[in-house]
Amino acid sequence: MKIIPVIMSGGVGSRLWPESRETNPKPFMSLPDGDNLIRKTYRRATAFDNVTEIMTVTNRDLLFKTEDEYKAAKTSSIVQSFILEPFGRNTAAAVAAAAIQIQKNHGDDAIVLVLAADHLIQNEQAFSEAVNSAIQLATEGWLVTFGIQPEAPETGFGYIDANKSAPLGDGFKVNRFVEKPDLATATEYINAGNFLWNSGMFCFRIGTLMEEMERHCQEVLAAVNTTISTSRLSEAPRYSALSLDPETFGKVPDISIDYALMERSERVATIPCNIGWSDIGSWTAMSELTPCDDSGNRFDGDVLTFQSSNNFVRSSDRLTSLVGVNNLIVVDTPDAILIVDKDHAQDVKHIVSQLKKSGHSAHLHHRTVHRPWGTYTTLEEGERFKIKRIVVKPGASLSLQMHHHRSEHWVVVSGMARVINDDRELLLDTNESTFIRAGHKHRLENPGVVDLVLIEVQCGDYLGEDDIVRFADIYGRADTK
């Protein structure tokens, strides 16, 4: 039996701003234990016997960052495949694209395990047992969802109504799915005893999944098939990446797999499980990963308090002090700070909406921006100048490019740089520098075995990241440095 875990990594996590940004979303956020959610998910996916491939569905701009995280997970080598979305189109499209590729490569009997990259599971043994139970039902022709045993009348989750009078192995047939309820309804569900939280994790036999999608959401399946037929596939011995065509992908119905299929099919079962699950859907949920002091305060970073209680502070770069305040969430990042009453933790997303509407870059990226070749950090900027710290990974290079409106001064701090500067090629050692005049073609490369670190000073009348003409790029990008 082949098991293909499919890691869905598409959500931004706007309720976890300012840590979560579009280019550094929730799965990549550092947790209090120093790990992150996407590495935990990848290790969890590779732990099962008979896993022959890990498939990841993600935004194409996050491919190289995801690869770096998988390498950092330090698991055994396994075939990796990626489906790269040009933009989000909801989970039905993502599942359909994964299913089509898996059926093509592995046949109808392969078992698909759909996992969210941004969920935390703290009881790995219980999760493994639940997956084994789900696989058994999947081989019998059921579409299986993992139902979480509810701990409280939570209004932020959807619910599964399980038919507990008709058990199926370790699970039950699903009577219905219900949307996020109000508090009174959620309390009724908890008291009824047959309702579970909908985790958004699934297990299918691929042949069953395709049959049911043909029956209940044929429009989605057909549109995704069209997209794949017009998309570009890059392959290597243990790696493939399918870049979905933007024009045809934009015509795929924007609908969740729950609406499109699970709520319509008669072949849906659920496995109740108690696996220490959390979707880390807000700063309140994130705070619960940190122990509290005698006053109910939870701190992730260097924090001092006086006559303050029931607060959560996350501040990794500097000392934060609280005096005479209660029930606050304080999240401090180098370029933005969030202060919110705990009772309004779910409303942080409205700040992100305002940032997008105003065109402010703080919804998009941090001061440190990840690129396929490394990172750059904006240290300071003002009228006609910007200063960056650039780190280039060993063997990596930026594109051969040119800027119309700015010149650049490069000073090597550590490592070795190979530089193309107009018609010259240079090797720069520590403490050496070069000047790139506006209009000159240039490229920066790290030929060494350690990180190249340099300071870049930009000067000009326009310093935007879109002032770039790219002549050659090994990463296949058409925009951004």
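Here is a short conversation about helix packing, ring pairs and sheets in this structure.

Tutor: Before we start, this is a predicted model, in which local features need pLDDT of at least 70, side-chain atom pairs count only at pLDDT 80 or more, and totals for chains, interfaces and linings use all residues. Residues are numbered from 1 along each chain as its sequence is written, and side-chain values use heavy atoms, with hydrogens and water left out.

Student: How are the rings of Phe-157 and Trp-197 arranged: stacked, tilted or edge-to-face?

Tutor: Rings of Phe, Tyr and Trp (its six-membered ring) pair if their centres lie within 6.5 Å; planes under 30 degrees apart are stacked, over 60 edge-to-face, and the rest tilted. By this rule the count comes to 12 aromatic pairs. For Phe-157 and Trp-197 the centres are 4.9 Å apart and the planes stand at 65°, so the pair is edge-to-face.

Student: How many residues apart in sequence are the parts that this pair ties together?

Tutor: Strands (E, at least two residues) and helices (H or I, at least four) are DSSP runs, numbered from the N terminus. Phe-157 lies in the loop between E6 and strand E7 (159-168), while Trp-197 belongs to strand E9, so the pair ties together parts whose separation in sequence is 40 residues.

Student: Is Trp-197 buried or exposed?

Tutor: Buried means under 20% relative accessible area, exposed over 50%, and partly exposed in between (1.4 Å probe, protein chains only). Its partner Phe-157 has a relative accessible area of 13% and is buried. Trp-197 has 6%, so this residue is buried.

Student: Which helices do the buried residues of H6 pack against?

Tutor: Helix H6 covers residues 206-216, and its buried residues include Ile-206, Leu-209 and Met-213. Contact means heavy atoms within 4.5 Å. The buried residues of H6 pack against strands E4, E6 and E9, and against helices H3 (90-106), H7 (218-229) and H9 (257-262).

Student: Which strands stand at the edges of the open sheet with the order E14-E15-E16-E17?

Tutor: Two strands pair if DSSP finds at least two bridges between them. This open sheet of four strands has mixed pairing. Two of its strands each have a single partner strand, so one side of each is left without a neighbour in the sheet: E14 (298-306) and E17 (336-341).

Student: What is the bridge partner of Leu-328 in E17?

Tutor: Strand E16 (residues 328-333) and E17 run antiparallel and are joined by six bridges. In E17, the partner of Leu-328 is Asp-341.
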